[in-house]
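Trainee: I should be grateful for a close look at one part of this model, with enough of its surroundings to place it. Please define each term as it comes up.

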Amino acid sequence: MNATPAADTPVVQVKCLVWDLDNTLWRGTLLEDPDTPLGDDVRRTVTELDERGVLQSVASKNDHDLAWDRLRRLGVADLFVLPEIGWGPKSASVRRIAERLNFAPGAMAFIDDQPAERAEVAFHLPDVRCYPAELAAGLTARPEFTPAARTVDSGRRRRMYQAGFRRDAERASFTGPDHDFLRSLESVLTLARATAPDLSRVEELTLRTSQMNATGVHYPDSLLRTLLADPAHEVLVATLTDRFGPHGAVGVVLVERHRPVWHLKLLATSCRVVSFGVGAVIVNWLVDQAARCGTHLVADFRPTDRNRIMEIAYRFAGFTEESCVCHTALALAPVDGIQRLHLHPASRPAPDTMRLTAPDL
Ligand SMILES: [Zn+2]
């Protein structure tokens, strides 16, 4: 399978917008007017960006409790993650928010009515896009706030992050072995055959998951769409949920079935769930499925400087470089330095850290 590069480079999307409060999010200054109003146009902007999956935060020089209480009374407090309300420099606030979200400064934006505050942020963080308050109502019309595709996960991205913060806090305070913590999450991993509406999530995963993409190959939407219609290919999407909430789509598997061998062409999982062992659970499941069908498995693998953990998952499952007669059944010679790892599968037990729901292949 040849990798097809993305056609043209889209505008770099804003993944998190940080709002000033006084005279930006709301009209007026809270310390002078405890009932500062939130304009309909700004409320619409905040709601619409949330539905598009753009995260939003706050950097405000204000009394923390007063300002947070005002956001709650306005009914919008839940729409903001990791608010920074205090008296420190705003560049430090924006930097902390980006670090906690694991976003590059170029994925951050900042909106403030004060030119001096925008200049302070721009000086320390030149990649952060800064907007004056009067542009607030028009942000949703700008390309950098308009993702190419709206997916199931973009509509709940903020809630997924909020669940993640609660999960991380509990993990940090959990005193037992990590294995016990994973079991306490009551996780359910669901593998399902992809449908057309899933494809944009799948493409997003193969683009975003360089750390956990076994081949580093980007499968564009159009190619996956063709493969969905091909009975020899299985395109599966993995979603994970636990008692804190959904993680959304966390993995994609692409397998081509030949008679004596299944060819695992793509396995990518989100770096958000590396610590939950999702990659290993998927490999284990596929090995078990192949064993039931009496077929060999060949997995494409290309080492990069970021996907070592995926190699470990394959090696741990028993994949080796051994040559086998089944290789001759594969359609094309490997390209671009991709290794073909081989396994003669035996049946595997179900995972003990999560419940797995999956179709029989
Ligand atoms: Zn073989």
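Trainee: How many other C-beta atoms lie within 10 Å of P303?

Mentor: P303 has 15 other C-beta atoms within 10 Å and is therefore partly exposed. A residue is called buried if 20 or more other C-beta atoms lie within 10 Å of its own, exposed if 12 or fewer do, and partly exposed in between, with the C-beta atoms placed from the backbone. The model is predicted, and local features need a pLDDT of at least 70, side-chain atom pairs count only at pLDDT 80 or more, and totals for chains, interfaces and linings use all residues. Residue numbers start from 1 along each chain as its sequence is written.

P303 is found in the loop between β10 and α10. Helices (H or I, at least four residues) and strands (E, at least two) are DSSP runs, numbered from the N terminus. The protein chain holds 10 helices and 12 strands. Its domain assignment gives domain 1 (16-145) and domain 2 (179-357); such bounds come from an automatic or database domain assignment. The C-alpha centres of domain 1 and domain 2 are 39 Å apart. Of the 361 residues in the chain, 37% are buried.

On one side of the P303 loop is helix α10, which spans residues 308-317. Its residues M310, A313 and Y314 are buried. Viewed down the axis of α10, the buried residues fall within an arc of 95°, so they line one face of the helix; the arc is that of the directions from the helix axis to the C-beta atoms. R308, I312, R315 and F316, on the other side of α10, are exposed. Just past the helix, G318 adopts a positive phi of about 110°.

What do the buried residues of α10 pack against? Their partners are α9 (278-293), β10 (296-301) and β11 (339-343). Here two residues are in contact if their C-beta atoms, placed from the backbone, lie within 7 Å. The axes of α9 and α10 are 9 Å apart and form an angle of about 35°. Such axes are lines fitted to C-alpha atoms, for helices over the stretch in contact, and the angles run from 0 to 180 degrees between N-to-C directions. From α9, the residues G279, A280, V283, N284 and V287 make this contact, and from α10 it is M310, A313, Y314, F316 and A317. The α9 and α10 crossing is right-handed: a crossing is right-handed if the near helix is turned clockwise from the far one by less than a right angle, and left-handed if anticlockwise.

On the other side of the loop, β10 belongs to an open sheet of 7 strands, with the order β11-β10-β9-β8-β7-β6-β12 and mixed pairing. β11 and β12 (354-357) occupy the edges with a single partner strand each, so one side of each has no neighbour in the sheet. From one strand to the next, the twist averages 25°. Two strands count as paired if DSSP finds at least two bridges between them. Strands of a sheet pair through backbone hydrogen bonds, either parallel or antiparallel.

Both senses can be seen at strand β6. This strand (residues 187-193) joins β12 in the parallel sense over 4 bridges. V188 has R355 as its bridge partner in β12, and S187 stands opposite M354 of β12. With strand β7 (residues 233-242), β6 pairs in the antiparallel sense over 6 bridges, and the bridge partner of L191 in β7 is A238.

A last comparison returns to the starting residue. P303 and R193 are 110 residues apart in sequence, and their C-alpha atoms are 27 Å apart in space. P303 thus belongs to a loop with β10 before α10, where β10 is a strand of the open sheet and α10 is a helix with buried residues that pack against α9, β10 and β11.
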